[in-house]
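Visitor: Please take a close look at one part of this model, the place where the two chains meet, and describe what lies on either side of it.

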Amino acid sequence: MTGKQPFEAIVAAHGTTVLRVCRAVLGPVNADDAWSDTFLSAMKAYSDLPEGANVEAWLVTIAHRKAIDITRAAARRPVPVAQTPDDGAVPATGSPGHSLDADLADAVARLPAKQKQAVAYHYLAGLPYAEIAAIVGGTADTVRRAAADGIANLRRVYPGAAGTRTKGEACVHG
Amino acid sequence: MFTDDLARDLARAFPSTPGDLRRLHGRLAAAADRDGILDVAYRTVDTPVGPLLLAATEIGLVRVAYASEGHDAVLEALADRISPRILNAPARLDAPARELDEYFAGRRRSFDLPLDWRLSGGFRRAVLSHLPEIGYGQTASYGAAASLAGHPKAVRAAATACATNPLPVVVPCHRVIYADGRIGRYLGGPDAKRTLLTLEAA
């Protein structure tokens with residue numbers, strides 16, 4: 001068998017990761033629409049996908065464009081949307097009764113777009129920085145820096161990350 | 001490593017459950033069908049001859065496959081021969097599933113379904129398209145099947161047509177047996193063929 005695998009196998013292999021990425025980049029409300037738009041577009045274009053292409057990078061590329069479309073459409077709607085601080089500085093969210101997972105999700109939601117994308121595409125989708133640069137623009141270095149800044153911001157506000165930081169820094173710097 | 005922990009924590013903070021994916025998959029299948037890009041829809045049904053894979057194009061039922069054929073291999077072959085735009089999308093197979101259910105319950109003697117014959121061409125297709133003329137509960141020889149297609153001497157070709165029937169059960173190649181009564185080859189194996197003939201003899 002030399003041809004393409006059934007699209008069902010693409011959904012089975014990558015549906016989970018794409019949903020996580022959509023949720024990280026857009027939040028829970030719009031993530032479903034982004035996932036659906038992404039796989040519908042991918043299915044339309046599937047026949048033209050070159051043999052041996054990186055399917056996950058291709059899907060994240062489509063999801064990235066869909067997320068931009070959805071964000072723009074939401075911005076045009078006359079409803080108040082959460083403000084994203086330009087510097088990514090965020091107040092700590094570790095209030096009692098608030099789960100650590102929800103804290104991290106909140107912290108990611110407050111990251112500036114470039115940092116959020118770099119973190120989601122690298123740490124959730126596992127794409128290398130050069131691949132992400134091809135999707136979001138810039139160079140591998142600027143994406144690496146955006147990811148590092150994003151992580152630094154997350155460490156500041158996310159108690160779970162603070163708990164693992166000591167060990168991690170020992171690894172990175174030690 | 002911090003980054004491994006972070007990747008794990010992020011995956012937990014942005015969950016993606018099997019229930020989420022089932023729901024989204026259903027939405028995708030419906031949207032793909034609506035947009036005319038669901039080239040092949042499939043599902044499986046449990047039957048007395050094991051799980052059967054049913055696949056349909058927009059034209060009609062295109063493939064019925066026994067488990068012994070390897071359902072994954074069959075889907076890959078459909079991707080090659082028809083289109084890779086294939087989804088597990090049960091809705092399109094509702095009518096075939098219902099008619100098969102009725103057939104295996106002994107309440108249906110013939111199928112009334114739109115069929116897509118594209119996986120079978122030429123003389124093979126001619127042979128297969130005449131097989132429904134062999135009635136429920138009857139059997140015919142390979143020679144008789146060749147005669148139905150207008151070439152009484154093409155016995156071997158008729159046997160090949162039956163052995164490569166893309167629509168077993170629905171197109172009743174199981175009713176074609178050797179003239180001496182031996183049961184002959186069958187995609188689903190001789191036991192499946194016997195089960196169908198026994199069902200129809202009841």
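Guide: The model is predicted. Chain A, one partner in the contact, has 8 helices and 0 strands, and along its sequence the order is α-α-α-α-α-α-α-α. Of the 174 residues in chain A, 39% are buried. Where contacts in chain A link residues at least 6 apart in sequence, 67% of them join residues at least 24 apart.

One helix pair in chain A can be described in detail. Helix α1 (residues 7–26) of chain A and helix α3 (residues 55–76) of chain A have axes that come within 10 Å and cross at roughly 35°, and the crossing of α1(A) and α3(A) is right-handed. From α1(A), the residues that meet α3(A) are A:Ile10, A:His14, A:Thr17, A:Val18, A:Val21, A:Cys22, A:Val25 and A:Leu26. Their counterparts in α3(A) are A:Val55, A:Glu56, A:Leu59, A:Val60, A:Ala63, A:Ala67 and A:Ile70. Sorted by class, this contact between α1(A) and α3(A) holds 12 nonpolar, 2 polar and 1 charged residues.

Chain B, the other partner, is assigned two domains: domain 1 covers 2–104 and domain 2 covers 122–201. The C-alpha centres of domain 1 and domain 2 of chain B are 29 Å apart. Between these domains of chain B, 9 residues of domain 1 are in contact with 11 residues of domain 2. On the domain 1 side, strand β3 (residues 61–66) of chain B gives the largest share, 4 residues. By class, the domain 1 side of this contact in chain B has 6 nonpolar, 1 polar and 2 charged residues.

Now the contact between the chains. Chain A contributes 39 residues to it and chain B contributes 31. On the chain B side, the elements that each supply at least two residues are α1 (2–13), α2 (18–34), α3 (71–81) and β4 (86–88). Of these elements of chain B, α1(B) provides the largest share of the side that touches chain A, with 9 residues. The side of chain B that touches chain A is made up of 19 nonpolar, 3 polar and 9 charged residues.

In short, chain B meets chain A through 31 of its residues, with α1(B) as the largest contributor on that side.

How values were computed
Residues numbered from 1 in each chain as written. Chains lettered and ligands numbered in written order. Predicted model: local features only at pLDDT ≥ 70, side-chain atom pairs only at ≥ 80, totals over all residues. Buried ≥ 20, exposed ≤ 12 C-beta atoms within 10 Å, placed from the backbone. Contact = placed C-beta atoms within 7 Å. Axes fitted to C-alpha atoms, helices over the stretch in contact; angles between N-to-C directions. Left-handed = near helix turned anticlockwise from the far one by under 90°. Nonpolar A, V, L, I, M, F, W, Y, C, P; charged D, E, K, R; others polar. Domains from an automatic or database assignment.
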